[in-house]
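Take a look at the fold below. The report starts with a sheet and works outward from there.

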Amino acid sequence: MALLKCYGRVGTQQDLTIMMQLESNLVSVDWLEEHLDARNIIVLYTSMADIATGQAEPVPKGLIPGSVWFDFENVFCNKQSPYPHTMADEETFQREARKLGINANSHIIVYDSKGVYCSPRIWWMFKAMGHDNVQVLDGGLPAWLSKGYPVDNHFLIGKDIGNFQALAKPRSFVSSGAIVKHLSKIRVIDARSEGRFKGTSPEPRPGLRSGHIPSSINLPFTLCIQQGHLKSKAELKQLFNERGIKEGAYIVSSCGSGVTACIIALVASELGYDRLSVYDGSWSEWGANAKLPIAVD
């Protein structure tokens with residue numbers, strides 16, 4: 001349930017603008033249904049291909065009306081990188097965001113078909129590009145459908161070019177070199193499964209070593225989610241406490257390719273941590289580089 005403060009509306013039902021102060025990185029489907037016609041609301045749908053097969057996820061037959069397709073795997077990415085999902089540069093991100101009709105004052109709501117899965121990646125990407133007016137739809141498409149809210153069967157296209165301005169925030173995404181250099185000063189949280197973290201389960205991507213970054217902490221992203229929704233702050237705080245993650249810690253989240261790591265960033269942000277980075281290359285980079293140390297326990 002998102003905590004939001006609305007400061008005003010102007011215009012008709014079809015021409016609303018909502019000015020708000022965000023008190024959560026999440027928004028409920030009930031809130032979105034009520035404000036879907038707001039002029040500055042941009043609803044982005046995203047998905048991720050199967051990790052093992054590379055098969056793209058089919059577009060759902062029912063989408064939230066007005067949804068815009070956000071392709072972080074093929075468009076909003078660094079196509080020259082050997083690693084999947086690598087963050088795009090400022091120029092590329094700004095250009096492609098404007099093509100989607102995104103403006104400097106847009107209130108972005110992002111969702112996926114799983115609930116809370118790859119949508120936090122897009123939330124973090126916009127935060128990293130200096131756009132803080134962005135939220136994750138808690139429960140995603142399943143929560144929307146469960147309420148019987150209206151759906152559409154196509155994406156919204158043909159929007160006017162927006163005026164989005166990208167301004168990258170330093171250290172939102174970090175490199176393997178930065179982790180090695182500052183390992184004693186940061187807490188690396190690995191969102192992969194316990195088996196992959198300990199090296200007892202194989203990596204879904206070929207050619208990667210098994211194990212984890214030395215001194216990193218395992219918090220599988222699945223433990224943070226219940227029925228497609230992020231767990232309560234009390235439950236999430238307990239997960240952090242059990243792993244000795246102290247308040248004020250500098251957290252660097254990692255996973256297989258920098259996607260579910262953003263779920264950890266989302267959780268940490270909800271709990272009030274403000275020194276956050278995502279390791280963009282994640283295990284796709286670390287596990288492939290024999291020069292980087294690994295641990296197995």
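In this predicted model, five strands form an open sheet with parallel pairing, in the order 3-7-6-4-5. Strand 3 (26–27) and strand 5 (68–69) stand at the edges. Each has a single partner strand, so one side of each is left without a neighbour in the sheet.

The table lists some of the pairings in the sheet.

| Strands | Sense | Bridges |
|---|---|---|
| Strand 4 and strand 6 | parallel | five bridges |
| Strand 6 and strand 7 | parallel | three bridges |
| Strand 4 and strand 5 | parallel | two bridges |

Leu44 shows how strand 4 links to its neighbours. Its bridge partner in strand 6 is Val110. In strand 5, the bridge partner of Leu44 is Val68. Further along the sheet, Ile109 stands opposite Gln135 in strand 7. To get from strand 6 to strand 7, the chain crosses through helix 3. This β-α-β crossover is right-handed.

**Strand 6**

Is strand 6 mostly covered or mostly open? It is mostly covered: five of its five residues are buried. In a regular strand, side chains alternate between the two faces of the sheet. Strand 6 can be read that way. His107, Ile109 and Tyr111 point one way, while Ile108 and Val110 point the other way. All of them are buried.

**The nonpolar cores**

Which residues have the most contacts inside the largest nonpolar core? They are Leu44, Phe70, Phe126 and Phe240. This core has 57 residues. Several elements each supply at least two of its residues, among them strand 4 (41–45), strand 6 (107–111) and strand 7 (134–137) from the strands. Helix 2 (90–99), helix 3 (119–128), helix 7 (233–242) and helix 8 (261–270) are also included. Helix 8 gives the most, with eight residues.

Now follow Phe126. Leaving aside residues up to four places away in sequence, Phe126 touches Leu44, Phe70, Phe93, Ile102, Ile108, His131, Val134 and Phe164. A second core is separate from the largest one and has 19 residues. Val27, Ala38, Val43 and Leu63 are included in this second core.

**A loop residue beside the sheet**

Where is Leu156? Its place is in the loop between helix 4 (140–146) and strand 8 (173–174). Its relative accessibility is 37%. The partly exposed class runs from 20% to 50%, so Leu156 counts as partly exposed. Leu156 touches Gly66, Ser67 and Val68, not counting residues up to four places away in sequence. Leu156 and Val68 are 88 residues apart in sequence. In space, they are 5.4 Å apart, C-alpha to C-alpha.

**The whole chain**

Step back to the full chain. How many helices and strands are there in the chain? There are nine helices and 14 strands. Along its principal axes, the C-alpha trace spans about 60 × 40 × 35 Å. A compact globule with 297 residues would have a radius of gyration near 19 Å. The chain has 19 Å, which agrees.

Of the 297 residues, 55% count as buried. The chain exposes about 13,600 Å², and carbon and sulfur atoms supply 52% of it. Contacts also reach across the sequence. Among contacts with a separation of 6 or more, 74% come from residues 24 or more positions apart. The contact between Leu156 and Val68 joins residues 88 places apart in sequence.

How values were computed
Residues are numbered from 1 along each chain as its sequence is written. This is a predicted model: local features need pLDDT of at least 70, side-chain atom pairs count only at pLDDT 80 or more; totals for chains, interfaces and linings use all residues. Side-chain values use heavy atoms; hydrogens and water are left out. A nonpolar core is a set of buried Ala, Val, Leu, Ile, Met, Phe, Trp, Tyr and Cys residues joined through side-chain atoms within 4.5 Å. Buried means under 20% relative accessible area, exposed over 50%, partly exposed in between (1.4 Å probe, protein chains only). Helices (H or I, at least four residues) and strands (E, at least two) are DSSP runs, numbered from the N terminus. Contact means heavy atoms within 4.5 Å. Two strands pair if DSSP finds at least two bridges between them. A crossover is right-handed if, with the strands pointing away from the viewer, the path from the first strand over the helix to the second runs clockwise. The radius of gyration is taken over C-alpha atoms; the globule rule is 2.2 Å times the number of residues to the power 0.38. Accessible areas come from the Shrake-Rupley method with a 1.4 Å probe; for residues, only the protein chains shown count as cover.
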